[in-house]
Amino acid sequence: MIFNLQRYSTHDGPGVRTVVFLKGCSLGCTWCQNPESRSAEPDVLFDPRLCSEGCTYCASAFPHAIKVEDGKLVIRRENFSAADRAAIEHTCPAGALSLCGESVNFDHLMQQILRDKPFYQRTGGGVTLSGGEPFMQPQVTHRLLQRCRQEGLHTAIESCLHVPWKYIEPSLDVLDLLLADLKHVDETAFKRLTGGSAKRVLDNFRRLAHAGQSLIVRVPLIPNFNADRASVRAIVDFAAGETGCREIHFLPYHTLGINKYALLDQPYLAPRQPLNDPDLLTFAQDYAAEKGLTALLRG
């Protein structure tokens, strides 16, 4: 299942790329900029800014899931059936109510991807699978990579690596580049803000190094999590010593995805101000360079 396709991207691998976003993730990072990607199932989104005043058409269409209380719509997403979700896109005339997520039609998707093949060829670009976590759909991911490889396209995946190795390994023979998150190396800190296991991620990094997979390590720098010198030092030490990577990207925390939480009626639990610590960013780049890595800042 996918939830978005982004053309002309220049920040998700080399050259001009098309990014395919797959649903489903095994982590629950509090700062996630794509909360609509977490569930493997379609999500119901509601944007009250688009809702026509006085309109109760959706409440009439889905009385078991949408109520009008004190003049406002109250949406109980858990009450939507599969049939309801399929009908949502044709229900709200203003587009305030929408569905995020659709099944993969490989032929249609490849038609969209191949529209920009001349740009890929001129710039050394290609296709990047993102999410969510692409490896949470291992069969879909492998098939998409195979189709892209058959068309002579460069392939990349953005991954948190928090999946069983058996989900990753089958795709390595058709994967050119892995953009892999290294959020923390401390188990306790990792679990506190992601709900997952750092050990699983670190073990997968070691297996990838043994397999000789080309990869770039990416480090989201999050306040009150890893945006401090001790954490950065430990992350860089692991990246330089055990992943086989030559390049590391530091991604300062931002809040560009904050409005998506309101569309899902979910709380935003991460800091509400972007990271503003030039000294830390300079330290991160300098320390990575000392360890022999090419370090870049990514917005």
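# Helix H11, the cores and the salt bridges

Student: In this predicted model, what span does helix H11 reach from its first C-alpha to its last?
Tutor: H11 runs over residues 278-290, which makes 13 residues. At 1.5 Å a residue, 18 Å is expected. The helix comes close to that expected value, reaching 18 Å.

Student: Over what arc do the buried residues of H11 lie around the axis?
Tutor: The buried residues are Leu280, Leu281, Phe283, Ala284, Tyr287 and Ala288. An α-helix has 3.6 residues a turn, so residues three or four places apart point the same way. The buried set sits on the same side of H11, because its arc covers only 160 degrees.

Student: Which residues are exposed on the other side of H11?
Tutor: Exposed means over 50% relative accessible area. On the side of H11 away from the buried residues, that label goes to Pro278, Asp279 and Glu290.

Student: What covers the buried residues of H11?
Tutor: The cover includes one helix segment, H9 (229-242). It also includes strands S10 (215-221), S11 (247-252) and S12 (294-297). Put together, the list includes S10, H9, S11 and S12.

Student: Which residue with a positive phi follows H11?
Tutor: The phi value there is near 85 degrees. The residue is Gly292.

Student: Which element gives the most to the largest nonpolar core?
Tutor: In soluble globular proteins, nonpolar side chains tend to be buried together. Here the largest nonpolar core has 68 residues, and Leu178, Phe205, Val217, Ile248 and Phe250 touch the most other members. The element that gives the most to this core, with six residues, is H11.

Student: How many residues does the other core have?
Tutor: This core lies apart from the largest one. Among its members are Phe46, Ile66, Leu73 and Leu99. Its residues number 15.

Student: Which residues does Leu178 touch, not counting residues up to four places away in sequence?
Tutor: Leu178 is one of the residues that touch the most other members of the largest core. Its contacts beyond four places in sequence are Phe135, Ile157, Ser159, Leu161, Leu208, Gln213, Ser214, Leu215 and Ile216.

Student: How far apart are the closest N and O atoms of Asp43 and Lys23?
Tutor: Asp43 is in strand S3, and Lys23 is in the loop between S2 and S3, 20 residues apart. Both residues are buried. They form a salt bridge, and their closest N and O atoms are separated by 2.8 Å.

Student: Is Glu158 buried or exposed?
Tutor: Glu158 is in strand S8 and pairs with Arg218 in strand S10, 60 residues apart. Their salt bridge is 3.1 Å, N to O. Buried means under 20% relative accessible area. At 7%, Glu158 is therefore buried.

Student: Which residues make up the salt-bridge network with Arg218?
Tutor: Asp181 also forms a salt bridge with Arg218, at 3.3 Å between the closest N and O atoms. Asp181 lies in S9 and Arg218 in S10, so this pair ties together parts 37 residues apart in sequence. Both Asp181 and Arg218 are buried. The linked residues are Glu158, Asp181, Lys183 and Arg218.

Student: Which residues is Pro42 in contact with, leaving aside neighbours within four places in sequence?
Tutor: Pro42 is found in the loop between S2 and S3. Its relative accessible area is 15%, so Pro42 is buried. Its contacts are Met1, Lys23, Arg85, Leu99, Cys100 and Gly101.

Note on methods: Residues numbered from 1 in each chain as written. Predicted model: local features only at pLDDT ≥ 70, side-chain atom pairs only at ≥ 80, totals over all residues. Heavy atoms only, no water. Helix = DSSP H or I, 4+ residues; strand = E, 2+ residues; numbered from the N terminus. Expected span 1.5 Å × (residues − 1). Buried < 20%, exposed > 50% of the residue type's maximum accessible area, 1.4 Å probe, protein only. Arc of directions from axis to C-beta. Contact = heavy atoms within 4.5 Å. Core = buried A, V, L, I, M, F, W, Y, C linked by side-chain atoms within 4.5 Å. Salt bridge = Lys/Arg side-chain N within 4 Å of Asp/Glu carboxyl O.
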